[in-house]
Amino acid sequence: MRPFFLISSKLPANAMAIFPFIILKNKALKVDKVLINHERIHFRQQLELLIIPFYFLYLLNYLINLIRYKNHYLAYFNILFEKEAYHFDDNLSYLTHRKAFAWIRFAKKKA
């Protein structure tokens, strides 16, 4: 599925995937293949968890990490979904061979 792109200069990050949209901080980011691949990995994660449970697990994982690390950046970068997306975002063919629920394997990997 091709995402719909929205632009919002008020976005706190460069991009965000909220199915079925990829929201970008500015229009120029639309050609950043690594960034778009990162967000498409999140799309796949959202679809396999039927969207709403993804957001619940994402937030829960972030809050647990925030208690553990007491630091927003460490909490964010250790969210299982982000670990998978950052690990494979430069592999532009990753989604063609990605196995379902691939993010689970990152639960065992340390930061």
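Helices and strands are here DSSP runs, numbered from the N terminus, with at least four residues for a helix and at least two for a strand. On that basis, P20 falls in the loop between β2 (15–18) and β3 (21–24). The model described in this report is predicted.

**Backbone features**

The peptide bond that joins F19 and P20 is cis, with omega of about 5°. In general, most peptide bonds are trans, and most residues other than glycine have a negative phi. Two residues with a positive phi are set out below.

| Residue | Phi | Place | Relative accessible area |
|---|---|---|---|
| L50 | about 60° | loop between α1 and α2 | 68%, exposed |
| F101 | near 60° | segment after α5 | 34%, partly exposed |

**Helix α1**

Helix α1 covers residues 33–48. The helix has 16 residues and reaches 23 Å from its first C-alpha to its last, close to the 22 Å expected at 1.5 Å a residue. At its N-terminal end, D32 acts as a cap, with a side-chain oxygen 3.3 Å from the backbone nitrogen of V34. Just after the helix comes L50 with its positive phi.

The buried residues of α1 include L35, I36, N37, H38, E39 and I41, as well as H42, F43, Q45, Q46 and E48. Among the elements that cover them are β1 (4–7), β2, β3, α2, α4 and α5.

Within this helix, Q45 counts as buried because its relative accessibility is 0%, and the limit for buried is under 20%. The side chain of Q45 makes a polar contact with the side chain of H42 at 2.7 Å. A polar atom of the Q45 side chain also lies 3.1 Å from the backbone oxygen of F81. Leaving aside neighbours within four places in sequence, Q45 is in contact with F54, F81, E84, A85, R98 and W103.

**Nonpolar cores**

The largest nonpolar core has 15 residues, and those with the most contacts inside it are I41, L49, F81, F88, Y94 and W103. Two or more residues of this core come from each of α2 (52–69), α4 (80–88) and α5 (94–97). The greatest share is that of α4, which gives 4 residues. For F88, the residues touched are N37, I41, Y94, R105 and F106, not counting those up to four places away in sequence. A second, separate core has 9 residues, including A17, I22, L24 and L29.

**Salt bridges**

Side chains of opposite charge can pair when their charged atoms come close. How many salt bridges does a search of the whole structure find? The search finds 2.

One of these joins E48 and R98, whose closest N and O atoms are 2.8 Å apart. E48 lies in helix α1 and R98 in the segment after α5, so this pair ties together parts that are 50 residues apart in sequence.

R98 also meets E84 in a salt bridge, with an N to O distance of 2.5 Å. This pair links distant parts of the chain, with R98 in the segment after α5 and E84 in helix α4, 14 residues apart.

Are the partners buried or exposed? E48 and R98 are both buried, R98 having a relative accessible area of 9%. E84 counts as buried as well, at 0% relative accessibility. Through shared partners, the salt bridges join E48, E84 and R98 into one network.

Notes
Residues are numbered from 1 along each chain as its sequence is written. This is a predicted model: local features need pLDDT of at least 70, side-chain atom pairs count only at pLDDT 80 or more; totals for chains, interfaces and linings use all residues. Side-chain values use heavy atoms; hydrogens and water are left out. A nonpolar core is a set of buried Ala, Val, Leu, Ile, Met, Phe, Trp, Tyr and Cys residues joined through side-chain atoms within 4.5 Å. Buried means under 20% relative accessible area, exposed over 50%, partly exposed in between (1.4 Å probe, protein chains only). Contact means heavy atoms within 4.5 Å. A polar contact is a pair of N or O atoms within 3.5 Å; within protein, one must be able to donate a hydrogen and the other to accept it, and residues adjacent in sequence count only if both atoms are side-chain atoms. The expected span of a helix is 1.5 Å times one less than its number of residues. A salt bridge is a side-chain nitrogen of Lys or Arg within 4 Å of a carboxyl oxygen of Asp or Glu.
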